[in-house]
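I sat down with this one to go through charge pairs, pockets and buried spots. My notes follow, in the order I looked things up.

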Amino acid sequence: KNEMFEDKETHSEKITKIECSCNSNLMITQDKSGNVVYWKGINPIKVETRSVPLTKIIFFNFIYENKNNLKKKIKLCILADKLGILTYFEEKRMETLELVNVQGSIKEIFYSESINIISVITSAYNFIQFKLSTEEDIVEFKRFKLSLTNSSENLLSVIIDQTYLLLNTKDKYLKFWSIENSDNFTINVHSFIITKKNNLNMLVF
């Protein structure tokens, strides 16, 4: 049973980020002072301080085969920040370790379970993919520049079936990317909608 922390040991300032896992009952919060709290249900289980704000947090099950060819599952959480640093938190070991630094604020991060690939989009529109493995350090798998207009502050994104990435920067164009093979194409949304005065401001799948 986890013991409850005093309020002063969790958050004493305004909470600026909160993300929750739907399959592990794990929640992560960060406040204005940089305190990051890991929660199991309503119980804080780990507190740490970060010097820069988190931008994205994702939760997923990392499935791999052990030496006996048996499939194993690890519950992982990846945290990204404005400096471009990716860290992971493994709930079972209660450890937070740095994975890689991509040099630039991370705007989006996705995990594709079928190919064990983490995909990252930075504020400079660099699209970077990393291969996860239990036998070696994280390895950069692919890197290219996304051809997007407008500021990355306007970036809207949706991942579809862990395979396709749909992007928009609040303009009239939808960009589709295949995460597995990098094929892409563009759709002008004004060509099939009645009202052509306004650009997109939301993507949902």
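**Entry 1: salt bridges**

I started with K56 and E108, whose side chains meet in a salt bridge at 3.5 Å, N to O. Where in the fold do the two partners sit? K56 is in strand β5 (residues 54–65) and E108 is in strand β9 (residues 106–112), so this pair ties together parts that are 52 residues apart in sequence. I noted that this is a predicted model.

Next I checked exposure for the two ends. K56 comes out partly exposed, at a relative accessible area of 26%. E108 counts as buried, at 11% relative accessibility. The cut-off for buried is under 20%, so E108 at 11% falls on the buried side.

How many salt bridges does the structure hold? I get six, and I wrote down two others besides K56–E108.

- E90 pairs with R93, and their closest N and O atoms are 3.9 Å apart. The salt-bridge limit is within 4 Å, so this pair at 3.9 Å still counts. E90 is buried, with a relative accessible area of 9%, whereas R93 is exposed at 58%.
- R143 pairs with E140, with 3.0 Å between the closest N and O atoms. Here R143 is partly exposed at 43% relative accessibility, and E140 is partly exposed at 41%.

**Entry 2: the largest pocket**

I turned to open space next. The largest pocket has a volume of about 570 Å³. Which residues lie nearest its centre? I find F62, I74, L76, Y88 and E90 there, out of a lining of 21 residues. E90 is a name I already had from the salt bridge with R93.

For the strands involved, I listed β5, β6 (71–81), β7 (85–90) and β8 (95–101), each supplying at least two residues of this lining. The largest share is six residues, and it comes from β6. By class, the lining divides into nine nonpolar, two polar and 10 charged residues.

**Entry 3: the second largest pocket**

This pocket holds about 370 Å³ of space. I count 17 lining residues, with I58, I109, F110, Y111 and I159 nearest the centre. Which elements give two or more residues to its lining? They are β1 (15–20), β5, β9 and β13 (156–160). The largest share, six residues, is from β5. On class, I wrote down nine nonpolar, three polar and five charged residues.

I flagged β5 and β9 here, since I had met both in the first entry: they carry K56 and E108, so the salt bridge and this pocket lining draw on those two strands.

**Entry 4: a closed space**

I then looked for space that is shut off from outside. How many cavities of 30 Å³ or more turn up in the whole structure? The search finds one, with about 70 Å³ of space in it. Its lining is S21, N23, S24, L26, F59, F60, N61, K75, L76, C77 and E91. The elements that give two or more residues to this lining are β5 and β6. I sorted the lining by class and got five nonpolar, four polar and two charged residues.

L76 caught my eye: this residue is in the cavity lining and is also one of those nearest the centre of the largest pocket.

**Entry 5: S119**

I picked S119 for a closer look. S119 is found in strand β10 (residues 117–122). Is S119 buried or exposed? S119 is buried, at a relative accessible area of 0%. What does the side chain of S119 pair with? I find a polar contact of 3.2 Å to the side chain of Q129.

Leaving out residues up to four places away in sequence, S119 touches E108, I109, F110, F127, I128, Q129 and I179. That brings me back to E108, the salt-bridge partner of K56, and to I109 and F110, which are among the residues nearest the centre of the second largest pocket.

**Entry 6: whole chain**

Last, I pulled the chain totals. There are zero helices and 16 strands. Buried residues make up 47% of the 205 residues. Among contacts with a separation of 6 or more, residues 24 or more positions apart account for 35%.

Note on methods
Residues are numbered from 1 along each chain as its sequence is written. This is a predicted model: local features need pLDDT of at least 70, side-chain atom pairs count only at pLDDT 80 or more; totals for chains, interfaces and linings use all residues. Side-chain values use heavy atoms; hydrogens and water are left out. Helices (H or I, at least four residues) and strands (E, at least two) are DSSP runs, numbered from the N terminus. Buried means under 20% relative accessible area, exposed over 50%, partly exposed in between (1.4 Å probe, protein chains only). On a 1 Å grid over the protein atoms alone, a cavity is a set of points where a 1.4 Å probe fits but cannot get out, and a pocket is an open set with protein on both sides within 12 Å along at least five of seven lines; lining residues have an atom within 4 Å of a point. Grid points are joined across faces, edges and corners, and a volume is the space filled by probe spheres set on the points. Ala, Val, Leu, Ile, Met, Phe, Trp, Tyr, Cys and Pro count as nonpolar, Asp, Glu, Lys and Arg as charged, and the others, Gly among them, as polar. A polar contact is a pair of N or O atoms within 3.5 Å; within protein, one must be able to donate a hydrogen and the other to accept it, and residues adjacent in sequence count only if both atoms are side-chain atoms. Contact means heavy atoms within 4.5 Å.
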